[in-house]
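Trainee: I'm new to this one and would like a close look at a single part. Could you walk me through the place where the ligand sits?

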Amino acid sequence: MKQHKLFTRRRAIITGIGALSGLLLPGCSKKLPPTYGNLLRMGDAFTYLAHRTLLPGQSLAREYHHGDITSFPAVGTIDPGDASKPAHNETYGRFRDNGFSNWNLSVEGRVAKPGKYSLAALQSLPARTQITRHTCEEGWSAIGQWTGVPLGLILKNAGILPSARFVNFYAYDGYVDSIDLLDAFHPQTILAYGMNGKALPIRHGAPLRLRVETQIGYKSLKYLERIVVSDEFVDQGDSGWAWYVGI
Ligand SMILES: Nc1nc2c(c(=O)[nH]1)N[C@H]1C(S)=C(S)[C@@H](COP(=O)(O)O)O[C@H]1N2
Ligand SMILES: [Mo]
């Protein structure tokens, strides 16, 4: 009940005062999102500024109970190992056929200690489990339980350098996207290897996917291959989807 009230208030703040953020723009140029300057992406400026001004950087997305878990559709790529699909990736197919035993996640870029993490290494680190609502830009939402390593812990271990501003993610199906450091160090931003108490299924991004609970669904990349800490961000280019899609 308390959680629900907090959630409602958070939404009310965003919608109610968000509209005012346009008035604040000229005085807050330091807070503009990196996509500012691209006319098609001016919406980012409003959402980003409203969120970053009005919400504390670490306010939590609502978490649910076991009984709230729903069925969960799998959308976009559902198996990069499928040779009949354009998103096919042979390397991924080999990892999949070995049960991901020789898969690893590369952490590189502006970090003092770049390195590779096997699935076992990630699973040996302190884990976080959360039941959250996934909201897809296509209009559906679903509630699932995710278990994984906080991204912030990986970044701390790697020692991000002072020039770092974004964390870029590369997936085996060719997807790329990125988040800023506030979202990267958010306590609910995790690298998930478990879903609903079991190993993350292939259709949901095995062996490792990102969960960014403060952003809309497409920011939660499946099939992670590489994480690159950078002073610049990457995304899907001119796909038409906003870079900053906080919810
Ligand atoms: N690598 C990769 N990540 C992805 C996608 C994808 O096609 N490939 N689809 C995105 C979209 S639009 C959504 S809604 C969610 C879907 O996750 P799910 O298949 O587990 O429901 O993953 C996101 N991450
Ligand atoms: Mo989506």
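Mentor: Let's sort out the classes before anything else: Ala, Val, Leu, Ile, Met, Phe, Trp, Tyr, Cys and Pro count as nonpolar, Asp, Glu, Lys and Arg as charged, and the others, Gly among them, as polar. With that in hand, the shell around ligand 1 in this predicted model breaks down into 11 nonpolar, six polar and five charged residues. That makes 22 residues around ligand 1, and the ones that come nearest are Pro 73, Asp 173, His 204, Arg 209 and Lys 222.

Now for some polar contacts. His 204 uses its side chain: a polar atom there is 2.6 Å from an oxygen atom of ligand 1. Pro 73 works through its backbone instead, with a polar atom 2.7 Å from a ligand 1 oxygen. Thr 77 also brings in a backbone N or O atom, 2.9 Å from an oxygen atom of ligand 1. On its own, ligand 1 has 530 Å² of accessible area, and the protein covers 98% of that. The space ligand 1 takes up is the largest pocket.

As for confidence, the protein's mean pLDDT is 87, with 85% of its residues at 70 or more. Residues 1-29, though, stay under 50.

How values were computed
Residues numbered from 1 in each chain as written. Chains lettered and ligands numbered in written order. Predicted model: local features only at pLDDT ≥ 70, side-chain atom pairs only at ≥ 80, totals over all residues. Heavy atoms only, no water. pLDDT = per-residue confidence, 0-100. Contact = heavy atoms within 4.5 Å. Near = heavy atom within 4 Å. Polar contact = N/O pair within 3.5 Å; in protein donor to acceptor, adjacent residues only side chain to side chain. Areas by Shrake-Rupley, 256 points an atom, 1.4 Å probe, with all protein chains shown as cover. 1 Å grid on protein atoms, 1.4 Å probe; cavity = no way out; pocket = protein on both sides within 12 Å on 5 of 7 lines; lining within 4 Å. Sits in = over half its atoms within 2 Å of the grid points.
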